[in-house]
Amino acid sequence: MLTLAHFDWLYPMTSAPLQDAYLIMQGSEGGGTVLAMGTGEPPNCGGSRWDMHGTLALPGLVNSHHHLFQTLTRGYAPNQGLFAWLQSLFPLWGHLNPEAIYQSALIGLAELMLSGCTTTSDHLYIVPEGQDSMRFFEATIEAAKRLGIRLYVTRGAMTRGWDHGGRGPSNLIEDEDTVLQNMQDLVNRHHDPSPLAQIKVALSPVSLPAVSARFMKETARLAETLDVRLHTHGWETLDERQWVQNVYGTTELALFDEWGWLQDRTWFAHAVHANKEVIDLLGQRNVAISHCPTSNMRLGSGIAPIRSFLDAGNTVALGVDGSASNDGSHLLAEARQALLLARVLGGAAAMTVEEALHLATTQGAQALGWPEIGQLAVGLPADVAVFRIDDLFHSGAMAPLEALLFCQPVLAEVVVIGGEVRVWQGKIPGIDWSAEVARHQLLSRQLLETQK
Ligand SMILES: [Zn+2]
């Protein structure tokens, strides 16, 4: 049993905020739930009890789009847009192996947890020729299990290379039938449909220019058969829109619709260049999007019309994307970016702090088809992110949510996942992080050396 007492503020997100609040949680390796939530002095339930004065608690944040392997290649191609950036990075990614995937995931997942994230998706779409794809995905799962974070593995793939008019080098192109079989194996082995799951699996061809029409259709069909979710990049750049026009003579929206992708099991990353027709149809079909503001700015892709999506009632989640196009994984900072970028496009009233936090919590949960997370309520998963609001960075800000979103984004003080404390006093205990960072740095340097 774990009792966290006397938060200055607790924002459950689906019920009214509580002042001088407590949470009582049962821990059981990811499966723990909230037993009680209230104000004032908590009842004595035994177990551990900690005082949380000077802090604000939120549901654990939800990251809906990411590529953990990219933590090994941060800061590359600093002045290039998506396509040129990918071309610069493919030669390095061609040398990834299970060991590098594990280490990149460990560092990327830890970084997310330290920012208050308790559930993340990961879109791994690089399996170099000769590598065992199952080992790649299981390396990521192993890292998540070591840290205790909830992970939505999305099985990415590139199947259409340069030689077939696509967008990937031949050593990164996988055979479609092999990938489809592997998707099925991965789901059978690791997908847990329960609300208290630690690992879930979705299917995610990388993007329209890097896969075939057949593969998109087959993936949608397989998702239906296995009853799992679908994920891919959509409407990210004008260049991709042009490619689709040149190759198929139509729009991305028409293709996704024709190929069975516009259904409520789908969430798309980006939607930067979504027009009214896209927003309306995605809304009608209950298709979610993952907004990745920093990545869109870093690559100069554009500004997603998030206000229009929200006004139409669509689900808009948040993604740090990257880590080679962000190049950080700070989910609270990403919520702040979303808030500020919406205002660049639509003025100061374009997004409120509450809306920005919903993107990172309840909306993230909706996008992942996992409505039990992203909120705090009795009986739901005990995933909590706690931030100090009494420190130097927040001093002088008396409104708690405004303090958290407008002041400098800080790291989490405490993170609880499934009732288990995973971050304590801003650190992930029990792991020698200097050794893990040294290992990660070495693997990153080795990737760079392959290019000499
Ligand atoms: Zn992405």
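## Gly54 and its surroundings

Gly54 touches Asp8, Arg388, Ile389 and Asp390, leaving aside residues up to four places away in sequence. The model described here is predicted. Gly54 sits in the loop that runs between β4 (48-51) and β5 (55-59).

With 15 other C-beta atoms within 10 Å, Gly54 is classed as partly exposed, because a buried residue would need 20 or more and an exposed one 12 or fewer. Gly54 and Tyr76 are 22 residues apart along the chain, and 39 Å separates their C-alpha atoms.

## Helix α2

Helix α2 covers residues 98-114. Its 17 residues should span 24 Å at 1.5 Å a residue, and the C-alpha atoms at its ends are indeed 24 Å apart, so expectation and model agree. Most of the helix is covered, with 13 of the 17 residues of α2 buried. After α2 comes Gly116, which has a positive phi near 105°.

## Packing of α2 against α3

Helix α3 is formed by residues 133-147, and its axis comes within 8 Å of the axis of α2, with a crossing angle of roughly 35°. The crossing of these two helices is right-handed. On the α2 side, the contact is made by Pro98, Ile101, Tyr102, Ala105, Leu106, Leu109, Ala110 and Met113. On the α3 side, the contributing residues are Arg135, Phe136, Ala139, Thr140, Glu142, Ala143, Ala144, Arg146 and Leu147. Sorted by class, the residues of this contact comprise 13 nonpolar, one polar and three charged.

## Packing of α3 against α4

Helix α3 also meets helix α4 (residues 176-190); their axes come within 10 Å and cross at roughly 35°. This crossing, too, is right-handed. Ser133, Met134, Phe137 and Ile141 are the α3 residues involved, and they meet Asn182, Asp185, Leu186 and His190 of α4. The contact of α3 with α4 contains four nonpolar, three polar and one charged residues.

## Strand β8 and its partner β7

Strand β8 consists of residues 150-157, and eight of its eight residues are buried, so the strand is largely enclosed by the rest of the structure. Arg150, Tyr152, Thr154 and Gly156 point one way from β8, while Leu151, Val153, Arg155 and Ala157 point the other way. The residues on both sides are buried, including the arginines Arg150 and Arg155.

Strand β7 (residues 117-124) runs parallel to β8, and six bridges join the two. In this pairing, Thr119 has Arg150 of β8 as its bridge partner.

## The β15–β16 hairpin

Strands β15 (residues 414-417) and β16 (residues 420-424) run antiparallel and are joined by four bridges. Val416 is partnered by Val421 of β16. Two residues lie between the strands of this hairpin, where Gly418 adopts a positive phi near 55°.

## Backbone features in the loops

Most residues other than glycine have a negative phi, and most peptide bonds are trans. Several loop positions in the model depart from these patterns.

Met13 is not a glycine, yet its phi is positive, at about 80°. The residue lies in the loop between β1 (2-10) and β2 (18-25). Met13 has 19 other C-beta atoms within 10 Å and counts as partly exposed, because the cut-off for a buried residue is 20 or more. Ala271, likewise a residue other than glycine, has a positive phi near 50°. Ala271 is found in the loop between β11 (266-270) and α8 (276-284). In contrast to Met13, which is partly exposed, Ala271 is buried, with 28 other C-beta atoms within 10 Å.

Two cis peptide bonds are also present, one of them between Gly322 and Ser323 and another from Asn326 to Asp327. For the bond joining Gly322 and Ser323, omega is about 15°; for the bond from Asn326 to Asp327, omega is near 0°. Ser323 is located in the loop between β13 (316-318) and α11 (331-346). Asp327 is also found in the loop between β13 and α11.

Technical notes
Residues are numbered from 1 along each chain as its sequence is written. This is a predicted model: local features need pLDDT of at least 70, side-chain atom pairs count only at pLDDT 80 or more; totals for chains, interfaces and linings use all residues. Axes are lines fitted to C-alpha atoms, for helices over the stretch in contact, and angles run from 0 to 180 degrees between N-to-C directions. A crossing is left-handed if the near helix is turned anticlockwise from the far one by less than a right angle, and right-handed if clockwise. Two residues are in contact if their C-beta atoms, placed from the backbone, lie within 7 Å. Ala, Val, Leu, Ile, Met, Phe, Trp, Tyr, Cys and Pro count as nonpolar, Asp, Glu, Lys and Arg as charged, and the others, Gly among them, as polar. The expected span of a helix is 1.5 Å times one less than its number of residues. Two strands pair if DSSP finds at least two bridges between them.
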